[in-house]
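Welcome, and please open your viewer with the whole chain in sight. We will move from stop to stop, selecting a few residues each time and looking at what is there.

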Amino acid sequence: GDPAAAAPPACGAPVLLGATSVLVFSSGGETYMAVAQSVCSDFHPGDCEVRAWRQPQSALLQWHRGIGQFSEMLPITDAAGRLLQGAPPDAAELSLHAFALRIPGGQAAGWAEVEVPGPGGAHNRSLLLLASRSLGVVAYELEFAAIEGLNGTAKVAAALPGTAYDAVLEASYEAPGFAPATFLNWSTTPRARVDPARAGSSAGERVYAAGAMDRSLVQLEVRPFYDMVGRRVSEMSYVRRVA
């Protein structure tokens, strides 16, 4: 038959090479699938001569309710959507900035998941345990960093390399001294001076966003961001929370 007419795969992630075991588990209301990967033989582990850079990394996938299959890691969970937006994210929103998460587990043989009490007993922590013939047992905490400080974003400004602003702001591209209160009071584009010697700099354009609700200022940079399989997932990268 026509290969193009075949049913879609059960997994929305790129081809996974040398899967040795699979673990499906739930955490925080989300369902995940951990795939241990190794191209070394189970019967002759000591004879594996695969170079380290050719050993596949193990994968962590997440259930995508919009497409009804496991896919790469989603940018937001349903719980976070309810907290930030009052409702779970739309199915289409789940695919935006999906990120391929790969774990360098060496000759990975299998996964286990365990819930342990968190600090002070406030909430449980999910730990993923990876059994690896080359690395032993490695523990990973299922806790993902999130960009904070953008709630109620009221003002956004961009700064090119070599830019210095007027004395009122007392800030520059190299040493931003923006205070959230000052930034929120901007009503027009500030006067800026660009150093011709820095005009051709390879540094990226910096973007500052002030969150009125969080009373904070977040710094980002305009440069492509790639996931762990080399896919471009964003045109802007988080740098830091200034205040």
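Before the first selection, one definition will help: a residue counts as buried under 20% relative accessible area, as exposed over 50%, and as partly exposed in between. Keep in mind, too, that you are looking at a predicted model.

**Stop 1: R223 and E221**

Select R223 and E221 and show their side chains. They meet in a salt bridge, with 3.3 Å from N to O. Is R223 buried, exposed or partly exposed? Its relative accessibility is 36%, so R223 counts as partly exposed. Now turn to its partner: E221 has a relative accessible area of 14%, and it is therefore buried.

**Stop 2: E141 and R125**

Next, select E141 and R125. Here you will find another salt bridge, and the closest N and O atoms are 3.1 Å apart. Where do the two residues sit along the chain? E141 belongs to strand β8 (residues 136-141) and R125 to strand β7 (residues 124-132), so this pair ties together parts that are 16 residues apart in sequence. Switch on a surface and look at both: E141 is partly exposed at 38% relative accessibility, and R125 is partly exposed at 27%.

**Stop 3: R232 and E235**

Now pick R232 and E235. Their side chains form a salt bridge as well, at 3.3 Å from N to O. R232 is partly exposed, with a relative accessible area of 47%, and E235 is also partly exposed, at 44%. How many salt bridges does the model have? The count comes to six, and the tour has stopped at some of them, including R232 with E235.

**Stop 4: an open sheet**

Switch to a cartoon view and select β9, β12, β13 and β14. These four strands form an open sheet in the order β9-β12-β13-β14, with antiparallel pairing. Which strands stand at the edges? They are β9 (153-159) and β14 (232-241); each has a single partner strand, so one side of each is left without a neighbour in the sheet. Rotate the view to follow the twist: neighbouring strands of this sheet are turned by 30 degrees against each other on average, direction ignored.

**Stop 5: where β9 meets β12**

Finally, zoom in on β9 and strand β12 (residues 205-211). The two run antiparallel and are joined by six bridges. Which residue in β12 is the bridge partner of A158? Select V207 and you have found it.

Note on methods:
Residues numbered from 1 in each chain as written. Predicted model: local features only at pLDDT ≥ 70, side-chain atom pairs only at ≥ 80, totals over all residues. Heavy atoms only, no water. Salt bridge = Lys/Arg side-chain N within 4 Å of Asp/Glu carboxyl O. Buried < 20%, exposed > 50% of the residue type's maximum accessible area, 1.4 Å probe, protein only. Pairing = 2+ DSSP bridges. Axes fitted to C-alpha atoms, helices over the stretch in contact; angles between N-to-C directions.
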